[in-house]
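Colleague: I am new to this structure and would like a close look at a single part of it. Please take me through the main core and the strands around it.

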Amino acid sequence: MKVVKIVITVFVAMMSLFICLLSAAIFFSETDYLKYEADGHTEPIITSAEIEYLGDEYHGESEDGFSYYRLYVTIENHSNYNHNTSSVYLHYDSSAYGGNDWEYYSVMPIEEEAFGSDEANCIPAGKEATCSEVLCIEDGCRGFTVTYNNYRTDSEQTIEIDL
């Protein structure tokens with residue numbers, strides 16, 4: 001009877017040790033996974049924006065009272081996931097720019113080019129990419145704000161562009 005008690009005690013102790021080791025392994029693997037997932041929700045950041053005057057005509061088209069500009073926006077992806085460029089939404093507002101005396105001027109996107117990255121339609125993890133967009137801007141506008149809305153993290157970044 002004493003031998004049976006010893007065998008059962010050793011068996012229960014070994015099973016308890018196995019369960020503790022298994023629980024610790026699962027805990028640490030889930031902790032690493034959660035850290036990796038949290039890094040995936042790091043939002044891309046606009047690091048720079050520049051504008052280039054193209055003239056009163058673009059590809060043979062012109063509109064009275066408007067000029068054409070090419071806007072370059074560089075976005076840096078700090079996460080460990082590729083960022084899909086179709087989720088990059090830029091909004092232009094000339095009335096929010098103080099130099100326009102709160103007047104509204106039309107700023108319309110005409111043509112968008114792909115991001116300058118090796119992969120099509122994505123910003124690779126840990127890298128930056130530059131996109132450009134041709135804008136048709138009403139004459140008299142001294143500048144505008146570019147707002148990048150990130151709907152995944154429900155945040156926005158705003159940059160002022162001087163003309």
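Modeller: Start with the largest nonpolar core, which has 19 residues; L71, Y92, L135, I137 and F144 are the members that touch the most others. Three elements give two or more residues to this core: β4 (66-76), β9 and β10 (143-150). A second core, separate from this one, holds 5 residues, among them Y58, F66, V134 and C136. Keep in mind that this is a predicted model.

Y92 is a useful residue to follow. Not counting neighbours within four places in sequence, Y92 is in contact with L71, V107, P109, E133, L135, F144, T145 and V146. Of these contacts, L71, L135 and F144 are also named among the core members that touch the most others.

Next, take β10. All of this strand is buried, 8 of the 8 residues, so β10 is largely enclosed by the rest of the structure. The side chains are split between two directions: G143, T145, T147 and N149 point one way, while F144, V146, Y148 and N150 point the other way. Both sets are buried.

The strands that pair with β10 can be taken in turn. Strand β6 (residues 89-93) is antiparallel to β10, and 5 bridges link the two. Within this pairing, L90 stands opposite Y148, and H91 has T147 as its bridge partner. Strand β11 (residues 155-162) also runs antiparallel to β10, and here there are 8 bridges. In that pairing N150 stands opposite S155.

Put together, these strands form an open sheet of 3 strands in the order β6-β10-β11, with antiparallel pairing. β6 and β11 are the edge strands, each pairing on one side only. On average, neighbouring strands of the sheet are turned by 25° against each other, direction ignored. As background, strands of a sheet pair through backbone hydrogen bonds, in either a parallel or an antiparallel sense.

Last, go back to β9, which gives two or more residues to the largest core. This strand covers residues 128-138 and includes S132. The relative accessible area of S132 is 4%, which is under the 20% limit, so S132 counts as buried. The side chain of S132 also makes a polar contact of 3.3 Å with the side chain of R70.

Key. Residues are numbered from 1 along each chain as its sequence is written. This is a predicted model: local features need pLDDT of at least 70, side-chain atom pairs count only at pLDDT 80 or more; totals for chains, interfaces and linings use all residues. Side-chain values use heavy atoms; hydrogens and water are left out. Helices (H or I, at least four residues) and strands (E, at least two) are DSSP runs, numbered from the N terminus. Buried means under 20% relative accessible area, exposed over 50%, partly exposed in between (1.4 Å probe, protein chains only). A polar contact is a pair of N or O atoms within 3.5 Å; within protein, one must be able to donate a hydrogen and the other to accept it, and residues adjacent in sequence count only if both atoms are side-chain atoms. A nonpolar core is a set of buried Ala, Val, Leu, Ile, Met, Phe, Trp, Tyr and Cys residues joined through side-chain atoms within 4.5 Å. Contact means heavy atoms within 4.5 Å. Two strands pair if DSSP finds at least two bridges between them. Axes are lines fitted to C-alpha atoms, for helices over the stretch in contact, and angles run from 0 to 180 degrees between N-to-C directions.
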